[in-house]
Amino acid sequence: MAQFVPGEVLTAANLNTAINAPTLNNQTASAYTLVLADAGKVVTLSGSVAQTVTIPAEATASFANGTTIGILSTGNASVTLQGASAVTLNSTVGSGSAVSLTAAYTAAQLFKTGTNTWVAVGSID
């Protein structure tokens, strides 16, 4: 998702970036905490060991309500999505529970719905 600042000139390159497919953020480490730059992107996880993605608390990274972040497993290692303390992650698994992608080459989408509140949907259990 492109974000512009006051006084910035909208160029063709900016516009193409804003309307094209989301950017991939490839991660291979065993732990990754989402950052503001992940908003509107797809975080791909291709590590060879179990990987955990943490959604940071509002005080650490203040994502706008309505922010979406894709999570895609491209390897065989297990992937867990969890909220930092103070973050509630809601899903079909339950409220406040960490969730796991069900298998390799599966995905989830994270939606920020309020302060320290996110919803995960997709191939999760």
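**Note on the predicted model: strand pairing, unusual backbone angles and surface**

1. Strand β3 (residues 42-45) pairs with strand β5 (residues 68-73) in the parallel sense, through four bridges. Strands here are DSSP E runs of at least two residues, helices are H or I runs of at least four, and both are numbered from the N terminus. Two strands count as paired if DSSP finds at least two bridges between them. Within this pair, T44 has L72 of β5 as its bridge partner.

2. The basis of the values should be stated early. This is a predicted model, in which local features need pLDDT of at least 70 and side-chain atom pairs count only at pLDDT 80 or more, while totals for chains, interfaces and linings use all residues. Residues are numbered from 1 along each chain as its sequence is written, and side-chain values use heavy atoms, with hydrogens and water left out.

3. Strand β5 is also joined to strand β10 (residues 107-114), here by five bridges and in the antiparallel sense. Across this pairing, T68 stands opposite F111 of β10, and I69 stands opposite L110 of β10.

4. These pairings belong to an open sheet of seven strands with mixed pairing, in the order β1-β3-β5-β10-β11-β7-β8. Its edge strands are β1 (24-27) and β8 (94-95), each of which pairs on one side only.

5. A107 lies in strand β10. Its relative accessible area is 34%, so A107 is partly exposed; buried means under 20%, exposed over 50%, and partly exposed in between, with a 1.4 Å probe and protein chains only. Leaving aside residues up to four places away in sequence, A107 touches I71, L72, L101, V121, G122 and S123, a contact being heavy atoms within 4.5 Å. The C-alpha atoms of A107 and N26 are separated by 14 Å, the two residues being 81 apart along the chain.

6. Two residues merit a check of their backbone angles. A86 is not a glycine, yet has a positive phi of about 85°; A86 is in the loop between β6 (79-83) and β7 (88-91). N116, likewise a residue other than glycine, has a positive phi near 55° and is in the loop between β10 and β11 (117-122). Are these residues buried or exposed? A86 counts as exposed because its relative accessibility is 59%, whereas N116, at 16%, counts as buried.

7. On the surface, L10, L15 and I19 make a nonpolar patch of about 310 Å². Patches are made of residues with over 30% relative accessible area and no salt bridge; nonpolar side chains (Val, Leu, Ile, Met, Phe, Trp, Tyr) are joined within 5 Å and like charges within 9 Å. A salt bridge is a side-chain nitrogen of Lys or Arg within 4 Å of a carboxyl oxygen of Asp or Glu. L10 is placed in the segment before α1 (12-19) and, at 53% relative accessibility, counts as exposed.

8. Overall, the chain has one helix and 11 strands. Its radius of gyration is 15 Å, close to the 14 Å that the globule rule gives for 125 residues, so the chain is as compact as a globular protein of that length. That radius is taken over C-alpha atoms, and the rule is 2.2 Å times the number of residues to the power 0.38. Buried residues make up 34% of the 125 residues. Of the contacts between residues at least 6 apart in sequence, 57% join residues at least 24 apart.

Terms used. Areas by Shrake-Rupley, 256 points an atom, 1.4 Å probe, with all protein chains shown as cover.
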